[in-house]
Amino acid sequence: MKLAFEKIEIRNINDVPDEEAFAKGHRTCQGCGPALALRLISKAAGLRSIAITATGCMYVANTSYYTTPWVIPWMHTQLGGAGAATTGVAAALKALMRKGKLPKEDINVIAFSGDGGTIDIGLSSLSGALIEQQDFLFVLYDNESYANTGIQASGTTSWGAWTTFTPPGKMLRLGHIRTKKDALRLVAMGHPSVPYAATASISYPYDLMTKVRKGLAVKGTAFLHVQTPCPKGWRFPPDMTIDIGRLNVETGLWILAEIEKGAFRLTYKPKVRKPVAEAIRAQGRFAHLRDADIRVIQESVDAACAPLGF
Ligand SMILES: Cc1ncc(C[n+]2csc(CCOP(=O)(O)OP(=O)(O)O)c2C)c(N)n1
Ligand code: SF4
Ligand SMILES: [Mg+2]
């Protein structure tokens, strides 16, 4: 394990660094979940870090008109290219240090890529990176749509959601009728050499920041799948972002877990699981669903949570 951080675990506000690596100057929507993820993740990583962002809201809205919130070195890569581009950055740093052209130090390299750019279009690039195993953290920020181009359905869009590709109507009463891809298992089970893979939520910042440090501290390419509610695409008021993220976890619609050296572990278990209707009814993208449709979602969540013991 590298020793880039004095402390891996972030338990409370006193453990959170003051420095901002993602500061003012972005043009994301009010209450943008992905923007908060970038802030929290880069804060946990610290100022000796490099960010690589694939095309998507977190590239476009962070680089408008010669402004940027990035305080740390940042590079853009094409949609779907984060795995390959970040592998190159991490390998180049290693080579420059080996040749004495850069002083030897722990520099944290982080890829940020959306659900479309990671688990649909960028799947081969991600898979190649996970096989190559250069030293970096790959962050999939999941707003469950191709948000930047107008909220089109992606491979991680939830069942029953409205998107501009799946408008509920006479032809398709339910909206999106595909099941969300399981990125954590796809990565960890499909790539046994991945040293650390986890899920997280912006609504549980200490859990998220601890996982960032764990992923950066291990040798090799780690993977973090962060749920990042998007007020525009999920159709809820911008001051509800944290509440929506929390409701998703408290209902079991989203779990907080990690897989370390092949061992799966929940990092948070709600004391009493809330009904999924509380999360679903709070989001306009599910407004067309009937009570019977929500019961279908409840049953699938019950079935997924039972083996996990909650
Ligand atoms: C190869 C390619 N196809 C399509 C586009 C158009 N495009 C730009 S951003 C974007 C959405 C990306 O979605 P996601 O990765 O989920 O990020 P988000 O916008 O949701 O943050 C698309 C389709 C592109 N830039 N490049
Ligand atoms: S559309 Fe969603 S992800 Fe994109 S900037 Fe707005 S809130 Fe953020
Ligand atoms: Mg997206």
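## Salt bridges

The count comes to 18 salt bridges in this predicted model. Here are some that join separate parts of the chain.

Let's begin with Lys 219 and Asp 135, whose side chains meet in a salt bridge at 3.2 Å, N to O. Lys 219 sits in the loop between helix 7 (205–217) and strand 6 (221–227), and Asp 135 in the loop between helix 5 (123–132) and strand 4, so the bridge ties together parts that are 84 residues apart in sequence. With a relative accessible area of 60%, Lys 219 is exposed, whereas Asp 135, at 18%, is buried.

## A buried pair and its network

Which residue forms a salt bridge with Glu 144? The partner is Arg 285, and the closest N and O atoms are 2.9 Å apart. Glu 144 belongs to the loop between strand 4 and helix 6, and Arg 285 to the loop between helix 10 (276–280) and helix 11 (291–305), so this pair ties together parts that are 141 residues apart in sequence. Glu 144 counts as buried at 3% relative accessibility, and Arg 285 is buried with a relative accessible area of 4%. Both residues take part in a network of salt bridges with Asp 142 and Lys 180.

## A partly exposed pair

Asp 302 and Arg 273 also form a salt bridge, with the closest N and O atoms 2.9 Å apart. This pair links distant parts of the chain: Asp 302 is in helix 11, and Arg 273 is in the loop between strand 8 (263–268) and helix 10, 29 residues away. Asp 302 is partly exposed at 33% relative accessible area, and Arg 273 is partly exposed at 24%.

## The magnesium site

Now for the metal. Asp 115 (OD), Asn 143 (OD1) and Ser 145 (O) coordinate the magnesium ion (ligand 3) at 2.0 to 2.1 Å. Asp 115, in helix 4 (residues 115–120), and Ser 145, in the loop between strand 4 and helix 6, are 30 residues apart, so to speak of distant parts of the chain being linked is fair. Asp 115 and Ser 145 are buried. Along the chain, the donors follow the spacing D-x27-N-x1-S.

## Backbone and surface

Most residues other than glycine have a negative phi. Tyr 65, however, has a positive phi near 50 degrees, and Ile 151 has a positive phi of about 65 degrees. Are these residues buried or exposed? Tyr 65 counts as exposed at 66% relative accessibility, while Ile 151 is buried at 5%.

On the surface, Lys 94, Arg 98, Lys 99 and Lys 101 form a positive patch. Lys 101 lies in the loop between helix 3 (82–98) and strand 3 (108–114).

Terms used: Residues numbered from 1 in each chain as written. Chains lettered and ligands numbered in written order. Predicted model: local features only at pLDDT ≥ 70, side-chain atom pairs only at ≥ 80, totals over all residues. Heavy atoms only, no water. Patch = residues over 30% accessible without salt bridge, like charges linked within 9 Å, V, L, I, M, F, W, Y side chains within 5 Å. Areas by Shrake-Rupley, 256 points an atom, 1.4 Å probe, with all protein chains shown as cover. Salt bridge = Lys/Arg side-chain N within 4 Å of Asp/Glu carboxyl O. Lys, Arg positive; Asp, Glu negative; His and termini not counted. Charge placed at Lys NZ, Arg CZ, Asp CG, Glu CD. Helix = DSSP H or I, 4+ residues; strand = E, 2+ residues; numbered from the N terminus. Buried < 20%, exposed > 50% of the residue type's maximum accessible area, 1.4 Å probe, protein only. Donors = N, O, S within 2.8 Å, 3.2 Å for Na, K, Ca; no water.
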